[in-house]
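Visitor: Please pick a single part of this structure and walk me through it closely. I would like to know how far to trust what I see there, too.

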Amino acid sequence: MTRADTRPHARPTFHPASAPDFVPAPRLRELQLARLRAIIQHAFVHVELFRQRMESRQLAPEVRSLADIANLPFTTKVDLRDTYPFGLFATPLREVVRVHASSGTTGKPIVVAYTRQDLDIWTSVMVRSLAACGLHEGDIIQNAYGYGLFTGGLGAHYGAEGIGATVIPISGGNTDRQLMVLKDFGVTAICSTPTYFLHLIDRAVQLGLDLKSLPLRVGVFGAEPWTDSMRRHIESATGIQAFDIYGLSEIIGPGVAVECPEHDGLHIFEDHFYPEVIDPETGEALPEGQEGELVLTTLSKLAMPLVRYRTRDITTLLPGPCPCGRTLRRMRRIGRRSDDMLIIRGVNVYPSQIEAVLLEVEGTLPHYQILITREHGLDQLEIQVEVTSQVFSDRVGALEALSDRLVDTIQRVIGIHSKVTLVEPRTIQRSEGKAKRVIDKRGQS
Ligand SMILES: [Zn+2]
């Protein structure tokens with residue numbers, strides 16, 4: 001029996017919008033090749049940076065097979081910064097009907113553009129995403145992604161309207177009002193970051209609102225990496241089915257890939273986004289089943305086509321077909337980004353490794369923070385994690401035993417010793433968007 005069979009809400013999704021997800025693989029490859037040819041021509045003619053890179057490698061903008069993609073130059077986030085704001089646009093501004101921007105942690109944002117046709121494609125992949133999550137006409141979708149320059153809000157909004165659902169464009173924040181609407185409007189699905197949904201769960205408990213008693217049945221969570229342990233926590237606390245959706249502004253926004261009810265990897269909408277996984281050190285393409293950096297080529301977007309964009313997200317292309325019947329290839333859920341990697345005492349550590357340990361242990365809550373400091377030239381790692389009030393009210397020995405166990409398990413997983421501090425519920429600051437899990441104070445003293 002597969003895991004999906006045991007779920008009360010799991011059911012096959014045969015929404016008509018999902019038809020392109022089931023196109024036979026040979027036809028899909030033909031379509032990809034035709035689109036790749038056209039987009040490489042388009043980018044070569046209209047994007048100076050791309051043309052220069054091709055010419056410096058003495059490459060003509062001709063593609064004979066999909067395998068040729070491995071010879072094309074990469075595009076990086078630095079390229080988007082260097083050409084700020086409109087340098088990578090491939091259509092005149094009068095054909096651009098919308099721009100979005102993603103806030104960089106430092107300096108200028110990166111700007112992305114859409115023609116009318118690009119927006120239609122975006123809506124279509126979001127409709128297919130929501131359909132894969134089992135949503136349809138008649139659903140009431142609370143969209144708690146932030147509206148604005150961030151692509152999450154409007155991306156999910158048009159997808160939800162496109163599928164014929166009733167959309168509540170509530171945006172992020174104002175937690176008590178979110179819960180009121182969730183309850184009073186009979187909401188059946190919510191879109192948000194997983195972190196913000198955890199915050200809603202928390203607040204609901206405080207207010208005595210039982211989320212399991214509501215019609216809410218689906219959560220579409222994305223815009224930050226999260227683990228399967230987090231999914232289990234969310235699902236058992238609320239009784240909903242939680243889906244992982246993946247996207248990034250540079251490629252289109254949310255709707256690049258999504259889970260189906262099997263929850264075994266995310267199907268990439270590869271009729272629009274061609275995936276590769278490369279060795280991040282050498283740039284060599286890796287075979288299916290090997291972990292590396294996800295690289296995406298937009299196959300149909302006109303205003304800002306990106307060729308071999310290095311996402312810095314670490315994943316694996318999964319071999320073999322999915323039991324749901326979709327022919328779209330799957331990637332493992334993104335647990336980490338190469339940007340997230342911390343080097344502590346010379347050891348590579350990803351916050352997701354720590355999160356997985358914390359959530360597997362009984363008594364801890366999914367709220368934690370990782371603090372890194374440097375004392376006398378040596379990196380110190382401290383993990384603060386909230387524990388249930390039950391654990392806190394137990395005898396003192398219980399707290400110590402739990403913290404010792406976490407220190408041991410974390411050391412086994414990441415290879416270095418940490419200090420674990422157990423704190424009371426609601427001690428760690430909550431986020432209304434993406435969580436701030438890591439505070440690195442090295443270099444500040
Ligand atoms: Zn599937």
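Guide: What follows is a close look at the zinc site, with its surroundings and a few helices afterwards.

This is a predicted model, in which local features need pLDDT of at least 70, side-chain atom pairs count only at pLDDT 80 or more, and totals for chains, interfaces and linings use all residues. Residues are numbered from 1 along each chain as its sequence is written, and side-chain values use heavy atoms, with hydrogens and water left out.

On trust: pLDDT is the predictor's confidence in each residue, from 0 to 100. The protein has a mean of 92, and 96% of its residues reach 70 or more. Residues 1-11 fall below 50, although this stretch has 21 contacts (heavy atoms within 4.5 Å) beyond near neighbours in sequence. Where pLDDT is low, the predicted coordinates should not be read in detail.

Now to the metal. Four protein atoms serve as donors of the zinc ion: SG of Cys260, NE2 of His267, SG of Cys322 and SG of Cys324, at 2.1 to 2.3 Å from the ion. Donors here are N, O and S atoms within 2.8 Å of the metal (3.2 Å for Na, K and Ca); water is not among the atoms, so sites may look incomplete. The angles among the four donor atoms run from 102 to 115°, making the site tetrahedral; for four donors, that label requires all angles to lie between 85 and 135 degrees. The ideal tetrahedral angle is 109.5 degrees.

Along the chain, the donors are spaced as C-x6-H-x54-C-x1-C. One pair among them links distant parts of the chain: His267 sits in strand E9 (residues 266-268) and Cys322, 55 residues away, in the loop between E12 and E13. Strands (E, at least two residues) and helices (H or I, at least four) are DSSP runs, numbered from the N terminus.

Both His267 and Cys322 are buried, whereas Pro323 is exposed, with a relative accessible area of 60%. Buried means under 20% relative accessible area, exposed over 50%, and partly exposed in between (1.4 Å probe, protein chains only). Pro323 belongs to the loop joining strand E12 (309-318) to strand E13 (330-331). Its C-alpha atom is 7.4 Å from that of Glu262, 61 residues apart along the chain.

Elsewhere, helix H8 (residues 228-238) has buried residues including Met230 and Ile234. Their cover includes helix H7 (194-207) and strand E7 (241-248). Just after H8, Gly239 has a positive phi of about 75°.

Conventions
Four donors count as tetrahedral if all angles lie between 85 and 135 degrees; four count as square planar and six as octahedral if opposite donors are over 155 degrees apart and all others between 65 and 115; anything else is irregular.
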